[in-house]
Structures are given as C-alpha cells and as structure tokens.
Amino acid sequence: MRLVQPRRVFRRHEFALVAILMAGAAATSSCSRSTSHAPRANETAAPTPALSESEIRDLDIAFYRQRADRDPTGATDLAHVASLYLQRSRDTGDPRDALRAEESARRSLANRASRNDAAAQVLASSLLAQHRFSEALVVARGVSDRNPESAPLRAALAEISMELGQYDSARVQFAAVSDMPGSHDNLSVAPRLARWAEIEGRPDEARRLMRHSLALARRQTSLPREQVAWFWLRVGDIEMRSGNLAGADSAYSSGLATHPGDYRVLAALCRLAAEQRNWPDAIRKGEAAVAANLDPATLGLLSDAYAAIGDTARSRDYAHVLDVAVRRQPGAYHRAWSLFLLDHGRNLTTVNRKIREEVRTRHDVYAYDLLAWSLHKQGRNAEAERAMHMALREGTKDPLLQRHADAIASAVSSNADQVDKGDRR
C-alpha cells in the first residue's frame, strides 16, 4: 500500500477535538498523494480517484504508525496516531480503536512525559470512551491544571465530572468555562455546555447552544461530514428529549443527508420511529445502523420492533445478538442492555447487583434511574422511590426519567392503597 505523505490541510485534523468532544488535542494530519514517477511529456497522467475522508484517515494512521515504528523512542507521531485512532473509534463505534488510542497515547507519554499534553488529552478521551471515568478524571485534571486558561480542557474536565455524577464540581467548572471569552463559539466547548444545560433541566438553553454550534459547524468548510452530522444528531437528541418529534426527525434527516449511512444518525432515527410506534421504519433504520455497528440500544429496539409486529423468532435472534455483543465488551454492563433486561424482566437480581456496583463510583442521574427501575421491577418500590428522587435531583427533563418516575409513583400509591384497605378490614 502506498502511504500518503503528510502535506495538505493540517486544519482538517484540528477538528479531531470536535469529533471526539472529549480531548483537547488536535491531531495534525494530511492527505496529499505522492506519485512514483513524473509523467513523460507525451504521457497523460492517469486520474487519481478521490479518496473519502475515512480512507484518508486510514492512510494517515498507516503513515504515522510506520513513522512511529521507525522511531520507537519518539512521542509526537504516537500522539498523532492515537488521536486518529480515537477519531475513527468515534466515527465507526469500534471499541478496539479506543483501546489502540489508549495504547499509543501511553507509549507516547512513556517516551516523553513533559510537554506532551496532546498525548495526555487523547489518553483521557480514550479512557472516557471506555467508560473508565475515574481514570479519565485524573488524567484530564492534570492536563487542565497545566493549562488553566484553556476553555476546551476545562470543559473536558467538567464533562467527566458530569458523567461521574460529581455535579457540584461540574457546576463550578462549567460556570467558569461559560465565563471564558469565546467559549460559546468554540465547537469543542459549546456542545458540552449544552449537555450540562440539559442535565440541569434547561432544554431551551441547550437547544440554543446546539443550534448555534451547528450553524458554526456548517460554516467550517474543512470540517469532515461525519462531524457535521454529529451536530445535527445532538440537535435532534435535544428536540426528541423535549418532546418535539417533528423537530427531531428534521434534524436527524438533515444529519443523514450530510453524511449518508451514518450509523449514529440511523440509530437515532430507529429510536424516533420506535417512539412513534412505526415499527417497519424502526426496523429499516435499525438494521441499516447495526450493519455498521452493533450498538446494544439499537439491537434492543430491533428485538422489540420485531416482537411488536409478531415476528418472535427475529425478536429472539436480535435479543441473542444483543446479549453476545454486550458480553464481549469489557467492564460494567452496558446501560442500554441493562435497561433492555429490566424492561423484559430478565436477570433482575444480577442486573441490580451490577447497577449497584456502578453506583458506588458513578453517581449521575441515569445511574440512579437504572437503580430505581431495577428496584421497581423487583417490587421494591419504596427503595425505588428513594433512588428515583436521586435521579430527578437536578431537574433533568427526559421522557425516560419521567416515565420511570410516574410508574414508580403509581406503584407506591397502589401499595399504599392496598395497605390502607387492609387496615380498614
């Protein structure tokens, strides 16, 4: 394979941070094609077929890996390839690339610990992608402390605190970031501020920030299409969680038009169709999504969609694929799988134990929502009500949380009525 020499458009990989939305490092990369010989005067050079963005990235990875292999004591090339691996992991959903990014970043830091924040940022992001939040927090805090004036680095640290449910710390960090000049116009900062606004129950502010970020992203001509599609995806997610299904459909459709075949957007359209009980469309979109990536949430939706149209055999098949896909992933149960098992009354004790283990270190609202739902499914509604109170403590407006809260409140009320009737007898 002919390697592409790095000469053209360094700015393209300055947007790696936007795609990752977890790292502050921008990987410089390129995509010009070298030729093995110059054409003779009477010879017309054969046209070179255009390369896709993913093909360019794969060639860049090969190029930097080869350079790193030739200089095993170097640090810069390893940091570049780590960032590219992480970008590919985000674009394709392949968890193996997150592991490769971690390994390359650690090698880079082993070769040069000082003045190598680029590798440290990618390391933090790769750990975050693997849901190793506590480890990611330590690395991100060190990078942010060394660069106190960097809004993207402080926002990345705040995001990890948010994921861990350390909301008091996240609140302080996000407030500081929001006050930094230009932070709302920074494509690696504003989406994080938007997600924090959602957690705090401020969907209008989240919508404003993401719409603004989308407008900025669409004006960046060098931003890869899959990254622009991500901004459409986030806008659609906010609309969907706000109950604006038509707005969600419009945003998701625009994202798919921007980057046809994007598995993330297809999975979102599958969720939207399932919410509307449009099972044939959910199946079409979901199967197109899992053809590219075996996302557990989408596999669960496909199982439910086939069950809804009466195809129990295909429903069981997708439930089995979901089970196999998640069991192969390291670490804690995937939350989408846990929710699927709870909704279908399967392995309740085991899921509850796994959720409790996660809640020991991760205290975010969705962890407590899962805990509450698992307790409810076991009929332990008084405990479920207390856990649900923790899930709602930030005022997060999410239909999933509200559905669970309503079901638990109804069960508690029903239990109280039954006790009252028994006492009167």
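## A turn after helix H9

Let us start at one small spot: just after helix H9, Gly201 takes a positive phi of about 80 degrees. The model you are looking at is a predicted one, and this spot leads straight into a well-covered part of it.

Helix H9 spans residues 190-199, and 10 of its 10 residues are buried. They run from the small Ala190, Ala194 and Ala197 to others including Pro191, Arg192, Leu193, Arg195, Trp196, Glu198 and Ile199. What do the buried residues of H9 pack against? Their partners are helix H7 (151-163), helix H8 (167-178), helix H10 (203-219), H11 and helix H19 (365-377).

## The protein as a whole

Stepping back, the secondary structure comes to 21 helices and 0 strands. The protein has 425 residues, and buried residues make up 50% of them.

How much of the contact pattern links residues 24 or more positions apart? Among contacts with a separation of 6 or more, such residues account for 59%.

## Aromatic pairs

A search of the whole structure turns up 5 aromatic pairs. In one of them, the ring centres of Trp230 and Phe231 are 5.1 Å apart and the planes stand at 90 degrees, so this pair is edge-to-face. Trp230 is buried, with a relative accessible area of 11%. Phe231 counts as buried too, because its relative accessibility is 0%.

Tyr306 and Tyr318 also form a pair, and this one is stacked, with 5.8 Å from centre to centre and 10 degrees between the planes. The pair joins distant parts of the chain: Tyr306 sits in helix H15 (residues 296-308) and Tyr318 in helix H16 (residues 312-327), 12 residues apart. Are these two tyrosines buried or exposed? Both Tyr306 and Tyr318 are buried. Elsewhere, ring pairs link Tyr167, Phe174 and Trp196 into a cluster, and Trp196 is one of the buried residues of H9.

## Val228 in helix H11

Helix H11 covers residues 225-241, and Val228 is found in this helix. Val228 is buried, with a relative accessible area of 9%.

Which residues touch Val228, leaving aside its neighbours within four places in sequence? Val228 is in contact with Leu214, Ala217, Arg218, Leu223 and Thr258. Another residue to look up from here is His259: Val228 and His259 are 31 residues apart in sequence, while their C-alpha atoms are 8.1 Å apart in space.

## Helices H4 and H5

Two packed helices are described by the angle between their axes and the distance between the axes. For helix H4 (residues 95-111) and helix H5 (residues 117-129), the axes come within 8 Å and cross at roughly 150 degrees. With an angle over 145 degrees counting as roughly antiparallel, H4 and H5 are therefore roughly antiparallel to each other. Their crossing is left-handed.

On the H4 side, the contact is made by Ala98, Ala101, Glu102, Ala105, Arg106, Ser108 and Leu109, which meet Ala119, Ala120, Val122, Leu123, Ser126, Leu127 and Ala129 in H5. By class, the residues of this contact divide into 10 nonpolar, 2 polar and 2 charged.

## Two loop residues with positive phi

Most residues other than glycine have a negative phi. Arg115 has a positive phi of about 50 degrees although it is not a glycine. Where is Arg115 found? Its place is the loop between H4 and H5. Arg115 counts as exposed because its relative accessibility is 82%.

His131 is another residue other than glycine with a positive phi, near 65 degrees. His131 lies in the loop between H5 and helix H6 (133-146). With 52% relative accessibility, His131 counts as exposed.

## Helices H17 and H18

Further along the chain, helix H17 (residues 335-343) and helix H18 (residues 348-359) pack at an angle of about 145 degrees, with their axes 10 Å apart. The crossing of H17 and H18 is left-handed.

Arg335, Ser338, Leu341 and Leu342 of H17 make the contact with Leu348, Val351, Ile355 and Glu358 of H18. How many residues of each class does the contact of H17 with H18 have? There are 5 nonpolar, 1 polar and 2 charged residues.

Conventions
Residues numbered from 1 in each chain as written. Predicted model: local features only at pLDDT ≥ 70, side-chain atom pairs only at ≥ 80, totals over all residues. Heavy atoms only, no water. Phe/Tyr/Trp six-rings, centres within 6.5 Å; stacked < 30°, edge-to-face > 60°. Buried < 20%, exposed > 50% of the residue type's maximum accessible area, 1.4 Å probe, protein only. Helix = DSSP H or I, 4+ residues; strand = E, 2+ residues; numbered from the N terminus. Contact = heavy atoms within 4.5 Å. Axes fitted to C-alpha atoms, helices over the stretch in contact; angles between N-to-C directions. Parallel < 35°, antiparallel > 145°, perpendicular 65-115°, else oblique. Left-handed = near helix turned anticlockwise from the far one by under 90°. Nonpolar A, V, L, I, M, F, W, Y, C, P; charged D, E, K, R; others polar.
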